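Hi,

Here is the structure I said I would pass on. Have a look at it first, and then read my notes underneath.

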Amino acid sequence: SKFKEGLEKTRKGFVEKVTDLITRRKKIDEEFYEELEEILIGADVGVTTVMNLIDDLREEVRKRRIEEAADLQPILSEKLIGLLRGDEENDIRLNQGGLTVILFVGVNGVGKTTTIGKLAHRYKQQGKKVLMAAGDTFRAGAIEQLEVWGERVGVDVIKHQAGSDPAAVMFDAVQAAKQRSADILLCDTAGRLQNKTNLMEELNKIFRVIQREVPDAPHEVLMVLDATTGQNALSQAKLFGEKSGVTGLVLTKLDGTAKGGIVIAIRQELNLPVKFVGLGEKMDDLQQFDSEQFVHALFA
Ligand code: GDP
């Protein structure tokens with residue numbers, strides 16, 4: 001499956017270490033726990049989460065009177081699925097029968113444009129009418145890059161000139177989406193973090209424009225994070241997410257890291273669902289996140 005392919009590095013860098021530990025040590029003792037702890041922390045699962053997880057495992061081992069390391073494997077999988085599972089839906093909240101507006105936020109280079117292109121493709125494949133809005137008028141080349149994706153997946157891009165007011169782009173995009181009876185409008189935004197106050201003002205203005213035209217919009221605000229930056233992605237999310245009304249996360253470039261445990265750390269430390277994960281650069285390399293599929297792809 002896509003998950004299995006895309007998680008190859010994490011399988012090698014994390015799961016195989018666990019499997020190796022289990023076959024090598026055979027018995028569950030203090031050293032076993034210590035090594036397991038090291039592997040988990042090394043995979044970016046996050047120190048606090050790892051401590052709690054190890055405590056949980058110890059208790060389970062005591063309760064079930066487990067001695068063989070091999071018998072711990074399914075319990076570990078079970079616990080990891082539990083850590084990844086949220087009460088929230090991983091589905092995108094679609095405005096049934098009307099226009100759904102999805103806003104994308106995130107720092108430059110995390111894969112925002114790519115994710116928008118992939119999602120446009122995904123929804124188009126599902127028979128939906130999709131439009132994209134080139135709301136990043138700040139970064140050089142951002143508009144053109146979105147247009148390249150537009151051509152690739154056959155979806156129109158609403159744009160203004162570079163440097164223009166993103167809120168004005170959004171206004172036009174929403175108008176166009178309504179006129180053309182589009183189902184989904186995917187909106188790019190500028191990702192410069194160095195000017196946080198202005199960015200927040202800009203986002204607020206975009207929110208107001210969208211909300212005036214489509215009640216209840218934006219239906220989702222997805223923050224895009226780069227998995228290869230590990231714990232940095234997490235602090236970025238904390239910094240960026242608190243004020244921007246983020247409703248869900250997209251974790252990109254999971255194929256490029258051996259530290260896929262970052263998904264667990266993010267899930268534990270942020271009260272936000274991971275909606276999609278990026279597993280490559282091509283248009284099909286986006287998977288809806290599913291905790292069970294994810295863990296099974298790792299350990300299968
Ligand atoms: P933006 O600045 O946030 O819009 O980032 P881009 O969409 O331009 O992506 C930055 C780079 O990351 C590009 O070279 C993309 O091809 C690459 N990229 C994006 N998502 C993924 C992914 O899931 N896996 C891999 N391997 N590369 C990705």
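Below is what turned up, starting with the ligand, then the pockets, then two spots in the backbone.

Before anything else, please keep in mind that this is a predicted model.

**The ligand and its neighbours**

The ligand has 17 residues around it. Gly109, Thr113, Thr114, Gln145 and Glu281 are the closest of them. If you sort that shell by class, you get three nonpolar, eight polar and six charged residues. Helix α6, which covers residues 112–125, supplies the largest share of the shell, with four residues.

A few polar contacts are worth pulling up on your screen. Asp255 has a polar side-chain atom 2.7 Å from a nitrogen atom of the ligand. The backbone takes part as well: a backbone N or O atom of Val110 lies 3.2 Å from an oxygen atom of the ligand. For Gly280, too, a backbone N or O atom is 3.2 Å from a ligand oxygen atom. As for how covered the ligand is, on its own it exposes 590 Å², and the protein buries 81% of that area.

**The largest pocket**

Where does the ligand sit? It is in the largest pocket, which has a volume of about 200 Å³. The pocket is lined by Val110, Gly111, Thr114, Thr115, Lys118, Thr252, Lys253, Asp255, Gly256, Gly278, Gly280 and Glu281. You will recognise Val110, Asp255 and Gly280 in that lining from the contacts above. By class, the lining comes out as one nonpolar, seven polar and four charged residues. Helix α6 turns up here again, giving the most to the lining with three residues.

**The second largest pocket**

The second largest pocket holds about 150 Å³ of space. Twelve residues line it, and those closest to its centre are Arg85, Gly86, Asn90, Asp290 and Ser291. Its lining is made up of four nonpolar, three polar and five charged residues.

**Two spots in the backbone**

Which peptide bond is cis? It is the one from Ala217 to Pro218, where omega is near -5 degrees. You can find Pro218 in the loop that links α9 (196–213) and β5 (220–226).

The other spot is Asp44. This residue is not a glycine, yet it has a positive phi of about 70 degrees. Asp44 is in a loop as well, between α3 (30–42) and α4 (47–63).

If you only have a few minutes, begin with Asp255 and its side-chain contact to the ligand nitrogen, then go on to the backbone contacts of Val110 and Gly280.

Cheers

Terms used: Residues are numbered from 1 along each chain as its sequence is written. This is a predicted model: local features need pLDDT of at least 70, side-chain atom pairs count only at pLDDT 80 or more; totals for chains, interfaces and linings use all residues. Side-chain values use heavy atoms; hydrogens and water are left out. A residue is near a molecule or strand if one of its heavy atoms lies within 4 Å of it. A polar contact is a pair of N or O atoms within 3.5 Å; within protein, one must be able to donate a hydrogen and the other to accept it, and residues adjacent in sequence count only if both atoms are side-chain atoms. Accessible areas come from the Shrake-Rupley method with a 1.4 Å probe; for residues, only the protein chains shown count as cover. On a 1 Å grid over the protein atoms alone, a cavity is a set of points where a 1.4 Å probe fits but cannot get out, and a pocket is an open set with protein on both sides within 12 Å along at least five of seven lines; lining residues have an atom within 4 Å of a point. A molecule sits in a cavity or pocket if more than half of its atoms lie within 2 Å of its grid points. Helices (H or I, at least four residues) and strands (E, at least two) are DSSP runs, numbered from the N terminus. Ala, Val, Leu, Ile, Met, Phe, Trp, Tyr, Cys and Pro count as nonpolar, Asp, Glu, Lys and Arg as charged, and the others, Gly among them, as polar. Grid points are joined across faces, edges and corners, and a volume is the space filled by probe spheres set on the points.
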